[in-house]
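User: Could you walk me through this protein step by step? I am new to reading structures.

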Amino acid sequence: MAPKIIYFVPFIFLFSVINCETGGIAIYWGQNGMEGTLADTCATGNYNIVNLAFLSSFGNGNKPMLNLAGHCDPYSNGCTKLSADIKSCQAKGVKVILSIGGGAGGYTLTSTAEAKQLATFIWSNFLGGQSSSRPLGDAVLDGVDFDIEGGTSLHWDELAKFLSNYSKQGKKVYLTAAPQCPFPDAWIGNALKTGLFDYVWVQFYNNPPCQYTSGAITNLEDAWKQWTSSIPASKIFLGLPAAPDAAGSGFIPVGDLTSDVLPALKGSAKYGGVMLWSKYYDDQTGYSSSIKNSV
């Protein structure tokens with residue numbers, strides 16, 4: 001994701017998306033109070049998955065903290081009101097995922113024990129476990145997104161294993177990730193080798209060597225082929241900024257995306273769709289509405 005205080009995006013009808021020939025759209029939501037409510041985001045019908053951004057502080061002995069920018073204050077239990085919105089999204093078939101990390105940093109894992117502690121915390125506070133201090137109320141999220149853009153490359157594979165094991169306790173815990181397009185990803189490259197990730201939305205922006213430039217698809221297509229052939233994930237998504245201002249580089253105009261880029265990628269059996277950063281920027285451009293029939 002962009003290394004500024006940015007705001008990420010989600011998904012809808014994920015399960016159905018995975019079982020048909022077409023793809024879906026994942027969006028990041030949570031980093032801009034002007035992007036509308038979570039319930040309204042899901043009600044658009046544009047998204048199959050929504051990533052709640054972010055659990056941005058954890059590890060190295062720090063208590064995990066949720067940061068949803070202008071939407072609510074988790075320090076005063078102000079985010080528990082989102083429980084109804086989460087359930088509303090899920091009732092529409094939209095998966096709601098907790099995204100951990102983000103571009104601002106402030107997180108790391110220093111040991112296997114700390115990875116296990118974080119997994120337990122996430123299970124108890126956001127997934128199917130129980131806690132007296134659930135920041136988002138009693139709603140049970142669908143999984144965890146790894147948007148790791150700093151710290152070290154250590155212990156993320158262990159965190160994935162610990163979280164995946166909770167699927168044995170009932171509801172499946174989906175694991176997703178947002179690596180940078182240079183392969184392998186510097187932070188979670190090893191974690192992605194575990195084969196535990198369901199959906200991987202590769203950030204094809206802020207990385208000129210592997211992103212699209214006007215009329216030149218080769219770099220992006222070569223990187224896409226490497227990702228889809230090397231990562232044992234169920235589906236790979238094309239991660240893009242939803243507006244030119246959403247990232248430093250890598251924005252693809254709608255016409256280029258639908259006529260040139262997507263046709264070159266959709267032949268892959270692992271093609272899952274498009275991830276957008278973020279809901280706020282998507283509101284400015286209407287990007288998802290313009291591309292959803294082509295995704």
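Analyst: Happy to help; this is a predicted model, and we can go through it by question and answer.

User: Which residues does UniProt give for the feature "domain: GH18"?

Analyst: Good place to start. This feature comes from an unreviewed UniProt entry. Over that stretch, the chain is 30% helix and 22% strand. The record places the feature at residues 23–295.

User: How far apart are the end C-alpha atoms over residues 23–295?

Analyst: Here we look at the two ends of the stretch in space. Over residues 23–295, the C-alpha atoms at the ends are separated by 5 Å.

User: Is G101 buried or exposed?

Analyst: First find its place: G101 sits in strand 4, which covers residues 95–102. Among the residues G101 touches are F54, L55, Y107 and D147. Buried means under 20% relative accessible area. G101 has a value of 2%, so G101 is buried.

User: And what about G70, buried or exposed?

Analyst: G70 belongs to the loop between strand 3 (62–66) and helix 3. Exposed means over 50% relative accessible area. The value for G70 is 62%, so G70 is exposed.

User: How many disulfides does a search of the whole structure find?

Analyst: Let's list them by their cysteines. One joins C42 to C89, another is formed by C72 and C79, and C181 is joined to C210. The search of the whole structure finds three disulfides.

User: What is the pairing when the bonded cysteines are numbered in sequence order?

Analyst: C42 bonds with C89, while C72 bonds with C79. C181 bonds with C210. Numbered in sequence order, the pairing is 1-4, 2-3, 5-6.

User: How many residues apart are C42 and C89?

Analyst: The S to S distance in this disulfide is 2.0 Å. The pair links distant parts of the chain, with C42 in helix 2 (residues 38–43) and C89 in helix 3 (residues 82–91). Both C42 and C89 are buried. In sequence, they are 47 residues apart.

User: Is the disulfide of C72 and C79 right-handed or left-handed?

Analyst: The sulfur atoms of C72 and C79 are 2.0 Å apart, and both cysteines are buried. The torsion about their S-S bond is about 100°, so the disulfide is right-handed.

User: Which parts does the disulfide of C181 and C210 tie together, and how many residues apart are they?

Analyst: The torsion about this S-S bond is about 75°, so the disulfide is right-handed. C181 lies in the loop between strand 6 (174–177) and helix 6 (189–192), and C210 lies in the loop between strand 7 (199–203) and helix 7 (218–230). The pair therefore ties together parts that are, in sequence, 29 residues apart.

User: Which residues touch the most other members of the largest nonpolar core?

Analyst: In soluble globular proteins, nonpolar side chains tend to be buried together. Here the largest nonpolar core has 94 residues. Strand 2 (residues 49–59) gives the most to this core, with seven residues. The members that touch the most others are L136, F146, W156, L159, F204 and L238.

User: Is F204 buried or exposed?

Analyst: The contacts of F204 include C181, C210, W227 and L238. Under 20% relative accessible area counts as buried. F204 has 0%, so F204 is buried.

User: What kind of aromatic pair do F204 and W224 form?

Analyst: A search of the whole structure finds 17 aromatic pairs. For F204 and W224, the distance is 6.5 Å centre to centre, with 40° between the planes. Planes under 30 degrees apart count as stacked, over 60 as edge-to-face and the rest as tilted. This pair is therefore tilted.

User: Which residues form one aromatic cluster, and which residue lies over the face of Y174?

Analyst: The cluster is made of Y174, Y199, W201 and F237. One of these rings, Y174, has a neighbour over its face, at 5.0 Å from the ring centre. That residue is K172.

Note on methods. Residues numbered from 1 in each chain as written. Predicted model: local features only at pLDDT ≥ 70, side-chain atom pairs only at ≥ 80, totals over all residues. Heavy atoms only, no water. UniProt positions renumbered as here; feature names shortened; annotations may be inferred. Helix = DSSP H or I, 4+ residues; strand = E, 2+ residues; numbered from the N terminus. Buried < 20%, exposed > 50% of the residue type's maximum accessible area, 1.4 Å probe, protein only. Contact = heavy atoms within 4.5 Å. Disulfide = S-S within 2.5 Å. Core = buried A, V, L, I, M, F, W, Y, C linked by side-chain atoms within 4.5 Å. Phe/Tyr/Trp six-rings, centres within 6.5 Å; stacked < 30°, edge-to-face > 60°. Lys NZ or Arg CZ within 6 Å of the ring centre and 35° of its normal. Lists of a residue's contacts leave out its neighbours within four places in sequence.
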